[in-house]
Amino acid sequence: MFSPNSLLSLNSLYFLLVLVSCFSGGYSSSSSAPTKIGKGYRLISIEETPDGGFLGHLQVKQKNKIYGPDIPLLQLYIKHDTQDRLRVYITDAEKQRWEVPYSLLPREQPPASKQKIGRSRKNPIAVSELAGPELIFSYRVDPFSFAVKRKSNGQTLFNSSSGGSDSFGEMVFKDQYLEISTQLPKDASLYGLGENTQPHGIKLYPNDPYTLYTTDVSAINLNTDLYGSHPVYMDLRNVGGEPFAHAVLLLNSNGMDVFYTGNSLTYKIIGGVFDFYFFAGPTPLGVVDQYTSFIGRPAPMPYWSLGFHQCRWGYHNLSVVEDVVENYKKAKIPLDVIWNDDDHMDGHKDFTLNPINYPRPKLLAFLDKIHSIGMKYIVINDPGIGVNSSYGVYQRAIANDVFIKYEGEPYLAQVWPGAVHFPDFLNPKTVAWWGDEIRRFHELVPIDGLWIDMNEASNFCSGKCTIPKGKQCPSGSGPGWICCLDCKNITKTRWDDPPYKINASGLQVPIGFKTIATSAVHFNGVLEYDAHSLYGFSQSIATHKGLQGLEGKRPFILSRSTYVGSGKYAAHWTGDNKGTWEDLKYSITTVLNFGLFGVTMVGADICGFYPAPTEELCNRWIEVGAFYPFSRDHANFYSPRQELYQWKSVTKSAQNALGMRYKLLPYLYTLTYLAHISGAPIARPLFFSFPAYKECYGLSTQFLLGNSLMVSPVLEQGKTEVKALFPPGSWYSVFDMTQTIVSKGQYFTLDAPLHVVNVHLYQNTILPMQQGGVISKEARMTPFTLIVTFPSGASEGQAKGNLYLDNDELPKMKLGNGYSTYVELYATLNRGSVKVWSEVQEGKFALDKGWIIEKVTVLGLGGSGDTSALEINGSPVAPGASNIELNSLEQKHLQDLEDGEHKKKSLMVEVTGLDFPVGKNFAMSWKMGV
């Protein structure tokens, strides 16, 4: 949904600076701060702990008052948590400090602070190392610094020593200002540190600002703290042609600026603790596996969620929604899920229905109709609860005392219903109340998922507010996001006006601007100042619990605000984007970033949220969006209609691109399973599969689905071809499998007329596909085809693939419950002998469903087109003795103009008329003619 801060852009810089000045009495620029603050700390003791860790104490060397007094004594805890994860934790040795609640993100608690500081080493050696299986922690005593090295090759991954450098100083630890830095080699490629819109692509760009603080600011604002906070980065280095990746997580929910210069990285944080986790990798897939093993694996997703979704803010009544569904059907464009923004609500209030525009009897009849064919229905839900004494949700909330407080009373804000209070999802009573409200609403309307928006949290006002007397608020005319409460700025506490100003909203606005006042209080006295960026995360957990408790089904939740671990509970979309070519390009980077963050079900608003896209842009956007993990068209209230059927040309592009998506659904669903068990992103950068190929380290205009399916879209206006990078090997077009590209690692210019998107499959792969359809429920029951790819013209080769199938309503996505099947697929080529076979685990579910493989297509074969000696499951099949046919066709190579070398002849062989049960092992072989 559009919101006031979506207007925040460079054009409003002057206006905001005036606002900021009025709000906080002016602000000091962090750029004017000294480069170095103090002289750091000295290590005064270190000892081994019973759990195998090490506990030390640090004493400040020279106190200063820049950004407040230093904390004089710190506690250091180091532990190799697992074979490939190292934790370095630094906090106040004498007072408990805020950190991410262990109830939200479960992890081992460090030892409690000691009242008396022992000195197990009165004279600690100048340099010491604490080695684990993969990583080595080393430290220096005075001034204290630490380094993390890779054990296998001694490479330094993190080093907080300034070493006399001018680029950063020693560690700083104050109540409201923490600073620590690391040296970096110039050839390190860094990724992550979101959420923001990165104009330079997926690689972090030196001297771009990276501020982490959840904020309702439109995604059109570049290099600005957006809806989520993910203080983690992946570092990929190429050492003598060998790639090594690792990741660094700073588990801290307070607002922070991260300064990346190209040869160093500095954190400046306004509270909390240093709680670092180092993940050894050394492959990109290994890194996300280790990372999501710690923060939580990506959530299981229902099969239908991989279908296409249609939404719009401005479906004024039910008949409009019915027309949209009918028009998709007439246009033969796939559609699985229809959404409502807040149009269905009564006065924008959560868990209500508008009795006039969405009368319940008619809505229930509509839902019965779409549910009967497998379609689903999802509605929006904002966290702000309207202040209305006749509103049952509000009454029950007050009775249960679930709201965030300010000076002992529920904090008053304004969102779409007008005056609201915000539920405190850190309070167990709130979680129970929220679940009950979800249950009540589900009894009213059988929704299939929830869309939780505005949960940064967004507020149309700032400061301490009261409901005005004698006037209606909001008035009902004009934009609904204009603050109409009577409000006063809050600057009286250090929580509202901290000494260090992070670059909030890209303009150093006060951290309480258009959100909950940072001196407001959560359950158990927790300050909003500390917990702010956890709001959407905690709401996702509560919503997941509430939905799963309804019928025991697998929940689907889409959340705008996210934090470390959100992917365990929710999907994400990239927020309020613009219908521009630039935003289309930026969407790929943001989607890929969230894969690194462990939020693998992610997509952008297709065709842009606002303003109106051009027809050409919408054509190209659906060609990209059809391959986002989460594929949804969504538009703003004030934009013209942009459903895919609104233009004949876009209809054709949608039929083509979404038609392919629906054929690929079994592959996408298998990727969802692999994400859930290993963290592997569904959409991922090319360097995940080609980490040694440096040319793809910064590539942000193409992406992979899984290991081997590459999307190379048109991202520029007026173009009918695309220049795409192909890593070394053989690639096959999935739209025309006779088309082959053999690359040495180079760019190729591909034809891409308006309705064409280039999607290629890499060698050594087995891709499961089905026949598609316009609803995933029907597409899922069609016969399977296996696409097998070998290196073009090779005499020897191996290919692998897999397929996961289950009852997607069950909450858990796993084997062993009797309602799932997993198939490993294999193929070999050995001097003209081709063999394809499967190894099935727990085949009963697939057998009960009756799924069959009816065709196998093998690409890249050498030899003549003649085939012989066909065997099925060890038995020869005589020509003409069954419905099985083998047909071969010569493949065409795209010849690069600069490469005059002769291309090897390659063949595509199709085996049709098969009837292999998916749930049963099969083996098939034949010989190719010489």
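**Close-up views of salt bridges, disulfides and a sheet**

A search of the whole structure finds 33 salt bridges, a salt bridge being a side-chain nitrogen of Lys or Arg within 4 Å of a carboxyl oxygen of Asp or Glu. The structure is a predicted model, in which local features need pLDDT of at least 70 and side-chain atom pairs count only at pLDDT 80 or more, while totals for chains, interfaces and linings use all residues. Residues are numbered from 1 along each chain as its sequence is written, and side-chain values use heavy atoms, with hydrogens and water left out.

**View A. Salt bridge of Glu443 and Arg439 in helix 6.** The closest N and O atoms of Glu443 and Arg439 are 3.0 Å apart. Both residues belong to helix 6 (residues 428–444), where they are four residues apart, about one turn of the helix. Helices (H or I, at least four residues) and strands (E, at least two) are DSSP runs, numbered from the N terminus. Glu443 is exposed at 52% relative accessibility, and Arg439 is partly exposed at 33%. Here buried means under 20% relative accessible area, exposed over 50%, and partly exposed in between (1.4 Å probe, protein chains only).

**View B. Salt bridge of Asp806 and Arg554.** The closest N and O atoms of this pair are 2.9 Å apart. Asp806 is in strand 44 (residues 796–806) and Arg554 in the loop between helix 8 (535–551) and strand 29 (557–559), so the salt bridge links distant parts of the chain, 252 residues apart. Asp806 and Arg554 are both buried.

**View C. Salt bridge of Lys855 and Glu910.** The N to O distance between the two side chains is 3.6 Å. Lys855 is part of strand 47 (residues 852–861) and Glu910 part of strand 52 (residues 907–917), so the pair ties together parts that are 55 residues apart in sequence. Lys855 is partly exposed, with 24% relative accessibility, and Glu910 is also partly exposed, with a relative accessible area of 23%.

**View D. Network of salt bridges.** Arg87, Glu99, Arg107 and Asp275 are linked in this network.

**View E. Disulfide of Cys461 and Cys483.** Four disulfides are found in a search of the whole structure, a disulfide being a pair of cysteine sulfur atoms within 2.5 Å. With the bonded cysteines of the chain numbered in sequence order, the pairing reads 1-4, 2-6, 3-5, 7-8. The sulfur atoms of Cys461 and Cys483 are 2.0 Å apart. The torsion about their S-S bond is about 105°, so this disulfide is right-handed. Cys461 lies in the loop between strand 26 (449–452) and strand 27 (464–466), and Cys483 in the loop between strand 27 and strand 28 (486–488), so the pair ties together parts that are 22 residues apart in sequence. Cys461 is buried, at 1% relative accessible area, whereas Cys483 is partly exposed, at 32%.

**View F. Disulfide of Cys465 and Cys487.** The S to S distance is 2.1 Å. A torsion of about 110° about the S-S bond makes the disulfide right-handed. Cys465 is in strand 27 and Cys487 in strand 28, so the link ties together parts that are 22 residues apart in sequence. Cys465 has a relative accessible area of 7% and is buried; Cys487 has 30% and is partly exposed.

**View G. Disulfide of Cys473 and Cys484.** The sulfur atoms of this pair are 1.9 Å apart. The link is right-handed, with 80° about the S-S bond. Cys473 and Cys484 each lie in the loop between strand 27 and strand 28, eleven residues apart. Cys484 is buried, at 13% relative accessibility.

**View H. Surroundings of the sulfur of Cys311.** The closest cysteine sulfur, in Cys607, is 13 Å from that of Cys311, too far for a bond. Cys311 is buried, with 0% relative accessibility.

**View I. Open sheet of seven strands.** The strand order is 34-35-36-41-38-39-51, with mixed pairing. Strand 34 (683–684) and strand 51 (892–893) stand at the edges with a single partner strand each, so one side of each is left without a neighbour in the sheet. Two strands pair if DSSP finds at least two bridges between them. Strand 38 (residues 729–733) and strand 41 (residues 758–762) run antiparallel and are joined by three bridges. The bridge partner of Trp731 in strand 41 is Tyr762.
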